[in-house]
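Here is a short briefing on one protein chain. Look over the sequence and the structure first, then work through the points below.

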Amino acid sequence: MVKVIVVLVILIIVAVALYGLFSDLAAKMHFSNLPYSFFRVSSSSFGIGVKVKPASNFAPQPSTEPVKKPYQVSPPPGVSQKDLSPFYDNVRITSVQPPRSNSEISWLTLNTAQSLGSNLVDITGWKIKTNKSYVIIPRGISDYNPSNLTPASDIIFKSGDYAKIYSPTNQTLRNNLRLNKCAGYLNSQFTINPTLPNGCPNFSREEISTFPGACQSFILGLRSCQIPTPNQINSLSTSNNSCVNFLNLINYRGCYQKHRADANFFSNEWRVWLDQNIPLDKEHDRVLLLDRSGLLVNVFIY
């Protein structure tokens, strides 16, 4: 038994001596500073376990800066690669209508291209530049709420969106806006040039089926987006209150309140009226679409 104890003591002494020798050697060789040191041994853990610490420079950290890819498009004649916008060809001028006479307004259409994908693009502040001069795309109202009209904000395009941009017209609607399924009712409330599409939701037979026959016939006889006049409503006031209450909601406000939550409520179309004429030549012109940095997004020649 004594011999066993003596052997154990000797082994412990040898182990401690070897550990001290290894520690001194490691200190001199600076293993901790080696570029691919996968782990370090802590003396406090000797005899209990080895603490493994990943080296700080074992794997490169990803860059937080976006990777800038070169353009994969060829610039149009007379334009260098450095003059192309990051949004080049994501938004396009697809049609241009110069004024044929002094009484006609000029307009053009901007469309998003398929290359835009799931990205968004802010076109407010972009320039429409012709051989004569330029105009700047203004702000608009994305959600035209009649109860709480929000201030205009930047026009943000998503894939599938387009804008019809007009020179100034004599109209009482003073806002640029994204259209929705109720927008046609605004034609009766404002003077709008050109008028907005008349594609308001139809009334279901079920929702008016309890009204008197004369009231139902009147409602079913209305054109899309037609607002009943006060005289027409008064002539049906003897029918019943439900009929009159329903008629008083056939307008933009009533349609908005009823359909605002519909999944397809908003249109992809924007209507924009500028404060100054688009300086288009009556015969031929080159129209450039420039981003806020003055870089080329698209060109249209007619």
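Does Cys225 count as buried or exposed? Cys225 counts as buried, because its relative accessibility is 5% and the cut-off for buried is under 20%. Keep in mind that this is a predicted model.

**The chain as a whole**

- The protein chain holds 7 helices and 11 strands.
- Of its 302 residues, 34% are buried.
- The accessible surface is about 18900 Å². Carbon and sulfur atoms supply 56% of that surface.
- Take the contacts in the chain with a separation of 6 or more: 64% of them link residues 24 or more positions apart.

**Confidence**

- The mean pLDDT of the protein chain is 82. A value of 70 or more is reached by 75% of the residues.
- Over residues 25–71, pLDDT stays under 50. For this stretch the model has 23 contacts beyond four places in sequence.
- Where pLDDT is low, the predicted coordinates should not be read in detail.

**The five-strand sheet**

- Strands of a sheet pair through backbone hydrogen bonds, either parallel or antiparallel.
- One open sheet has 5 strands, in the order S1-S2-S7-S9-S8, and its pairing is mixed.
- Its edge strands are S1 and strand S8 (177–180), and each of them pairs on one side only.
- From one strand to the next, the twist in this sheet averages 25 degrees.
- Strand S7 (residues 162–166) runs parallel to strand S9 (residues 266–273), and the two pair over 5 bridges.
- Find Lys164: its opposite number in S9 is Arg271.

**The four-strand sheet**

- Another open sheet has 4 strands, in the order S5-S4-S10-S11, with antiparallel pairing.
- Why do strand S5 (134–136) and strand S11 (296–301) each have one side without a neighbour in the sheet? Both stand at the edges with a single partner strand, so one side of each is left without a neighbour.
- The twist here averages 15 degrees from one strand to the next.
- Strand S10 (residues 286–290) pairs with S11 in the antiparallel sense over 5 bridges.
- Within that pair, Leu288 has Val299 in S11 as its bridge partner.

**Unusual backbone spots**

- Most residues other than glycine have a negative phi, and most peptide bonds are trans. Three spots in loops go against these habits.
- Cys225 is not a glycine, but its phi is positive, at about 70 degrees. Look for Cys225 in the loop between helix H4 (213–221) and helix H5 (230–235).
- Asp89 also has a positive phi, near 70 degrees, and is a residue other than glycine. Asp89 sits in the loop between helix H1 (2–29) and strand S1 (91–97).
- How exposed is Asp89? Its relative accessible area is 23%. Asp89 is therefore partly exposed, as the range for that class runs between 20% and 50%.
- Which residues does a cis peptide bond join? The bond lies between Asn193 and Pro194, and its omega is about -5 degrees.
- Pro194 belongs to the loop between helix H2 (186–189) and helix H3 (205–208).

Conventions: Residues are numbered from 1 along each chain as its sequence is written. This is a predicted model: local features need pLDDT of at least 70, side-chain atom pairs count only at pLDDT 80 or more; totals for chains, interfaces and linings use all residues. Side-chain values use heavy atoms; hydrogens and water are left out. Buried means under 20% relative accessible area, exposed over 50%, partly exposed in between (1.4 Å probe, protein chains only). Contact means heavy atoms within 4.5 Å. Accessible areas come from the Shrake-Rupley method with a 1.4 Å probe; for residues, only the protein chains shown count as cover. Two strands pair if DSSP finds at least two bridges between them. Axes are lines fitted to C-alpha atoms, for helices over the stretch in contact, and angles run from 0 to 180 degrees between N-to-C directions. pLDDT is the predictor's confidence in each residue, from 0 to 100.
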